[in-house]
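The exercises below are meant to be worked with the sequence and the structure side by side. Try each task before reading its solution.

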Amino acid sequence: MPQLDFRAPRLFIDGPLNAGATVGLDRNQSNYLGNVLRLAAGETVLVFNGRDGEWQAAIAGRKRPDNLTMLAQTRPQDHLPDVAYVFAPLKHARLDYMVQKAVEMGAASLQPVMTRFTQVSRVNSERMRANVIEAAEQCGILSLAEVAEPVALDRYLGQREAQRLLIFCDEAAGVADPLQALKSSQKASNGIDVLIGPEGGFAEEERALLLRQPNILRLALGPRILRADTAGVAALALVQAALGDWAPNGP
C-alpha cells in the first residue's frame, strides 16, 4: 500500500491537472481552505480529479484563497476494481452512510434500483455524488465512483450486461460459507454487480426474476438479518476479499 499523507488537506478539483497548471477555486472551496482550515497563500494542499492522479498544489490569492498552482504529482492515477454496488435506496442519513461506505470499500459505480419495498420514491443524485467526493477526499481515494440514475429493478436486470457476475445477497438463502462461495466462483472476469435489497426484503416475484438471471451467485450474509446499509458493507468486504483488490491475486 502506498504511503499516504493523512495530515495534508485534500481537495477534489473538477478540471485537468498537470505541472504548472493553475486552477480556480469556487466559493465553497475558498471558504473551506481560508476560513475553515485557516490556510494562506503559499501553503500547500493535495488535489485530485479522478483522472490525473494526485498533485501537491500551492494556494494563491491576496485576501483569500482564489486558485491553486500544481507543483508536482504525488501519486499516479489508479483504477478501481470493476465492482458495481446495486442497491435499493434508503432515507437521508442512512443513504449518505451507504454511499460513503461503498466508496471506501472500492465500488466503481453506484446504481440505485427501485423495488416493491423500497422506502423512498426519489433519490437525490447530486447529494449522492457529493458524498462520493467527500468520502474520496477524506480517504485518499483517487478514482471516483460513478453515480447512476435510479431505475426499476426489472429494467435494471433487463439492461445489465449478462456476462457480469450478479451477486444476489438474499436473506432467504441457506446459510453457508459466503467467502468460500465467492472464491469458488469462476465467473467474475467480466465484472461484478453486488445487489442489496431494501429493508423489507425482496418480493417473491422479484426473487423469482432474480434467480432466472444468467451468471448469478445467490449469497447469504450469515445467520442474522442485517440492515441494508450494514449488509452493503459486509457484502462488499466479502467480494473485495475474495475477488477484488483485497485478494492476493486480485485486479
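**Exercise 1. Describe how the two faces of strand 11 are covered, and place this strand among its neighbours.**

Solution. The model is a predicted one, and the first step is to sort the residues of strand 11 by the side to which they belong. Ile 192, Val 194 and Ile 196 lie on one side, Asp 193 and Leu 195 lie on the other, and all of them are buried, which leaves both faces of the strand covered. In a regular strand the side chains alternate between the two faces of the sheet. The next step is to count: 5 of the 5 residues of strand 11 are buried, so this strand is largely enclosed by the rest of the structure.

The last step is to look for pairing partners. Strand 6 and strand 11 run parallel and are joined by 5 bridges, and within this pairing Val 83 has Ile 192 of strand 11 as its bridge partner. Strand 10 also pairs with strand 11 in the parallel sense, over 4 bridges, with Leu 166 standing opposite Asp 193.

**Exercise 2. Decide whether the residues of strand 6 are buried or exposed, and find how the strand pairs with strand 7.**

Solution. Begin with the directions of the side chains: Val 83, Tyr 85 and Phe 87 point one way from strand 6, whereas Ala 84 and Val 86 point the other way, and all are buried. Because 5 of the 5 residues of strand 6 are buried, the strand is largely enclosed by the rest of the structure. Then turn to the pairing, where strand 6 meets strand 7 (residues 109–114) in the parallel sense over 4 bridges, and Ala 84 stands opposite Ser 109.

**Exercise 3. Which elements supply the largest nonpolar core with at least two residues each?**

Solution. Start from the core itself, which has 41 residues, and in which Tyr 85, Leu 110, Ile 167, Leu 182 and Val 194 have the most contacts. The elements that each supply at least two residues are strand 6 (83–87), helix 2 (92–104), helix 3 (125–139), strand 10 (165–169), strand 11 (192–196), strand 12 (216–219) and helix 7 (228–242). Helix 7 gives the most, with 7 residues.

To see one of these residues in its setting, take Ile 167 and leave aside its neighbours within four places in sequence: the residues in contact with Ile 167 are then Leu 182, Ile 192, Asp 193, Val 194, Leu 195, Leu 217, Leu 219 and Val 239. Apart from the largest core lies another core, of 15 residues, among them Leu 33, Ala 57, Ile 59 and Leu 68.

**Exercise 4. Establish where Glu 54 lies and what surrounds it.**

Solution. Glu 54 has its place in strand 4 (residues 54–60). Its relative accessible area is 5%, and since buried means under 20%, Glu 54 counts as buried. Beyond its neighbours within four places in sequence, Glu 54 is in contact with Arg 10, Leu 46, Val 47, Phe 48, Ala 72, Gln 73, Thr 74, Arg 75 and Leu 142.

**Exercise 5. Summarise the protein chain as a whole, from its elements to its charges.**

Solution. First count the elements: the chain has 7 helices and 12 strands. Next consider burial, where 46% of the 251 residues count as buried, while the chain exposes about 13,000 Å², of which carbon and sulfur atoms supply 48%. Then consider the contacts between residues at least 6 apart in sequence, of which 74% join residues at least 24 apart. Finally, the chain carries 26 positive and 28 negative side chains, with the centres of the two sets 3 Å apart.

Definitions and conventions:
Residues are numbered from 1 along each chain as its sequence is written. This is a predicted model: local features need pLDDT of at least 70, side-chain atom pairs count only at pLDDT 80 or more; totals for chains, interfaces and linings use all residues. Side-chain values use heavy atoms; hydrogens and water are left out. Buried means under 20% relative accessible area, exposed over 50%, partly exposed in between (1.4 Å probe, protein chains only). Contact means heavy atoms within 4.5 Å. Accessible areas come from the Shrake-Rupley method with a 1.4 Å probe; for residues, only the protein chains shown count as cover. Lys and Arg count as positive and Asp and Glu as negative; His and the chain ends are not counted. The place of a charge is taken as NZ of Lys, CZ of Arg, CG of Asp or CD of Glu. A nonpolar core is a set of buried Ala, Val, Leu, Ile, Met, Phe, Trp, Tyr and Cys residues joined through side-chain atoms within 4.5 Å. Two strands pair if DSSP finds at least two bridges between them.
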